[in-house]
Amino acid sequence: MTAVGSTALQPLVEQAAQDYQASNKKVNLTVQGGGSGTGLSQVQQGAVQIGNSDIFAEQSSGIKANKLVDHKVAVVGMTPVVNPSTGVTNISMAQLRDIFTGKITNWKQVGGKDQKISVINRAQGSGTRATFESAVLEGKKAVTSQEQDSNGTVQKLVSSTPGAISYLAFSYVNDKVKALSIGNVKPTDKNVTTNKWTIWSYEHMYTKGQPNKATEGFLKYMNSGKVQNSLVHKLGYISIHDMKVTKNAKNVVTK
Amino acid sequence: MDEIQKKLTAPSKASREDVTGRIISYTCIAAIIILVISILYFITSRGIATFTTNHVSLWQFLSGKEWNPGTLNAKGQPQVGALPMIVTSFSVTILAALVATPFAIAVALFMTDIAPKNGAKFLQPVIELLVGIPSVVYGFIGLTVVVPFIRHLFGGTGSGILAGTIVLFVMVLPTITSLSVDALRAVPTYFRSASLALGATRFQTIYKVLLRAAMPRLLTAVIFGMARAFGEALAVQMVIGNAVLMPRNLVTPTSTLTSQLTTNIGNTIMGTLPNNALWSLALILLLMSLVFNLLIRCIGKRGEIKS
Amino acid sequence: MTPNQTDRIATQVINVLVLIVVLILMFLLGDIILNGFPHISWHFLTSPSSPFSAGGGIRDQLFNSLYLLILTLIISFPLALGSAIYLAEYAGNNWRTGLIRTAIEVLSSLPSVVVGLFGYLLFVIQFHLGFSILSGAIALTFFNLPLLVRSIEGSLHAVPDTQREAGMALGLSSWRTIRSIILPAALPGILTGIILSAGRVFGEAAALIYTAGQSAPILNYADWNPTDGSSFLNPMRPAETLAVHIWKVNTEGVTPDAISISAGASAVLIIVILLFNFGARAIGAHMYKKMTGGK
């Protein structure tokens, strides 16, 4: 059994697979990265059993989503982060949008220092960017700027570039970057579960059609308390059992 | 009669051995050629899908400046203009080669003519060691040392062509140096002796005899270095900034063919335009690599030292 | 300015350029080794990596790198040797040979991510090799071949033609001459070439992410049966190498000590390559002495 896709989801699935195999000796599980696009393409072609993805299959062109079955295994919250030197700790959603569409270009326009804003975006087509843009940009086009494709690189760049802004999954926020509050809502797990903090997405594990016995066993394990209550938290994700709201592929949130 | 005839006309043990040898070596070369053809075919077939399946015009691809394969522009055409990446790739490659060449030739001269004993003993292993440093490590040092340094000097983000050039300069230095050493060593000693016997100083010998005699092979060395720089991905990706914008100067973020390819290939769905467009970038890289190699071959042919 | 003055100035300029290069080298090596050395410990080298908590090691990655290197050489060396013999001994000096050489050289300048994806789609998916050391080794063969072919061919050419003539004069077939006269004479050079190309294999990451994979399942070092799933010798298991590990902890690593793991692993990598280089030199010199009977 092979699971391929999202690099963000890989550590979680990899560790869960190791634990699962310890008690189910017969199962042979391989977990690899490669990106959400790779995961979706390969599961659609039937080359792998599980395709890990940061985005809904419906949101990816070229994927026949009705052929795939979605298994949501975790929720990841994302937050805008800035270099601490900017002096900003809270902004409004509209300001955030204007920064990423290039309308606001200096931190003093949002109450910070007189410093040029340098936007660091994520790779086009990456799940993180899709989540952020759908929650923040309201369909507007982001300004063309630096792009980095991994949380680690973004974290290093934001912490070292004066005036930098980007966004990171919660688990990559450290003391060298400053996570912004939006409209005085803090980026916490609790705010995500109630959708007070709106920038979050599911981590999906897709199968082609209904999963076979072995795959189903593992997916059940992913959904069990063993994984959801300990591993998921350790890796900085939010358990899907804690969510008080749901979001569909069109970004409509229901309680 | 028959016995003797057989003995004389049948292939000898030696010639049978020769046939075995030929078969073995021909099989190996055939296997390699199949490998090469399969990868060439593979990249070409995927790379031209942008033009055949998605009907993007080649001209638009090569001259457009907007790269946003997922979305359509006002006219309903996909935005796949690779010009900024082509320009940046060439800029970093040429700049890195320009900076690295004087250093490489100086080191090579040092090793062959100025201090051959200590130079070769000490420098050679270190330069070979540099080849083995993974590109990730170069990129990481670029990100934590070079980019902040440039930002400190010029402001802005620090990422851009200059940072890419510096990282590539160090990465191609060993390639160019070790090939230049070979080039200089290939110049027969009697060229040097003759020049010195005429009363020329060491520098006159180097400048007027050595460098000229070795020129074609030195050029080859430089082009080899450029080919390496052109195809380098991970290290460049970390320092170039990855913004598909025409480079306005040396310190604004921009993107090379390889960095765009590496960044986005995992996020695209196979068979769709964004994925095909990336393979077209790979095709450009492949064609350029062919061009570099043809150049090397042409120069190499002209410059063989006849003795 | 007299020629003598020019000579002195030019020499100084060359010396300065060399000094700058040496300084850059020292800085690079110093930076990598000094930053990494404090993190290298017996524990670091002998414990498995940990996906999210601190204190993981690089045991499996280090072993995977070495194992992958050996497999790559097993695949690429015979191919390279045969091809180099063809190019050095059999091929005529014509356009066809030129074409073959160009084709081989093109392999070495392909971007590694392209080779990685090619390997992924063809070997991992099409040939059902899966994410495995074997797929990785085949992908790395693409890079290794041109380097090996070039260095072996160079060593073969360096054997004087008089040796070939001597073989012929003894009535040996040219294959026999190659096998028992030319090859032994070229052996030190060939060995050096192999070990130096090992550096490139050891440092490669992009081509392996999609072929050998980026996960290191728990290995059982007591299981010597290469067909068992968890055996350390199994060539069909996924294997994260040291260079890929460095890439991973730098990009998506969630461990709190990612920076020190990356620094330590880089230093280990450099030290291993350093050992290779010295080994190559020592073996080459030793063999040369043995074969030539010289001092």
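This report covers the confidence, annotated regions and chain C interfaces of a predicted model.

## Model and confidence

The model is predicted. Its scores are ipTM 0.83 and pTM 0.87. Chain C has an average pLDDT of 84. In that chain, 98% of the residues score at least 70.

## Annotated regions of chains A and B

For chain A, an unreviewed UniProt entry places "domain: PBP" at residues 2-224. This span of chain A is 30% helix and 26% strand. Its end C-alpha atoms are 20 Å apart.

For chain B, the UniProt annotation is "transmembrane region", again from an unreviewed entry. It covers residues 23-43, 82-110, 122-141, 161-184, 218-240 and 277-296. Residues 23-43 of chain B are 100% helix and 0% strand, with 30 Å between the end C-alpha atoms. Residues 122-141 of chain B are 90% helix and 0% strand. The end C-alpha atoms of that span are 24 Å apart.

## Annotated regions of chain C

Chain C also carries "transmembrane region" in an unreviewed UniProt entry. The listed residues are 12-34, 66-87, 99-123, 129-149, 181-202 and 258-280. Two of these spans can be set against the model.

Residues 99-123 of chain C are 92% helix and 0% strand. The ends of this span, taken at C-alpha, lie 26 Å apart. Residues 181-202 of chain C are 100% helix and 0% strand. Here the end C-alpha atoms are 32 Å apart.

## Interface of chain C with chain B

Chain C brings 72 residues to this contact, and chain B brings 73 residues. The buried area is about 6500 Å². Carbon and sulfur atoms give 81% of that area. The rule finds zero salt bridges between chain C and chain B. It does find four residue pairs in polar contact, both residues at pLDDT 80 or more.

Eight helices are named on the chain C side, and the list runs along the chain: α1 (3-36), α3 (59-90), α4 (95-109), α5 (112-126), α6 (133-158), α8 (174-203), α10 (242-251) and α11 (258-292). Each supplies at least two residues of the side that touches chain B. The most comes from α1(C), with 20 residues. By class, this side of chain C has 48 nonpolar, 17 polar and seven charged residues.

## Interface of chain C with chain A

Chain C also meets chain A. Here 21 residues of chain C are in contact with 27 residues of chain A. The area buried between these two chains is about 1900 Å². Carbon and sulfur atoms give 56% of it. On the chain C side, C:Phe52, C:Phe131 and C:Glu252 lose the most area to chain A. Together they account for 31% of what that side buries.

One salt bridge is found across the interface of chain C and chain A. A salt bridge joins the side chains of A:Glu14 and C:Lys248, at 3.7 Å from N to O. Five residue pairs are in polar contact between chain C and chain A, both residues at pLDDT 80 or more. Both α5 and α10 of chain C supply at least two residues each of the side that touches chain A. That side of chain C divides into 13 nonpolar, six polar and two charged residues.

Terms used: Residues numbered from 1 in each chain as written. Chains lettered and ligands numbered in written order. Heavy atoms only, no water. UniProt positions renumbered as here; feature names shortened; annotations may be inferred. Helix = DSSP H or I, 4+ residues; strand = E, 2+ residues; numbered from the N terminus. Contact = heavy atoms within 4.5 Å. Buried area = accessible area lost by both parts, 1.4 Å probe. Salt bridge = Lys/Arg side-chain N within 4 Å of Asp/Glu carboxyl O. Polar contact = N/O pair within 3.5 Å; in protein donor to acceptor, adjacent residues only side chain to side chain. Nonpolar A, V, L, I, M, F, W, Y, C, P; charged D, E, K, R; others polar. pLDDT = per-residue confidence, 0-100.
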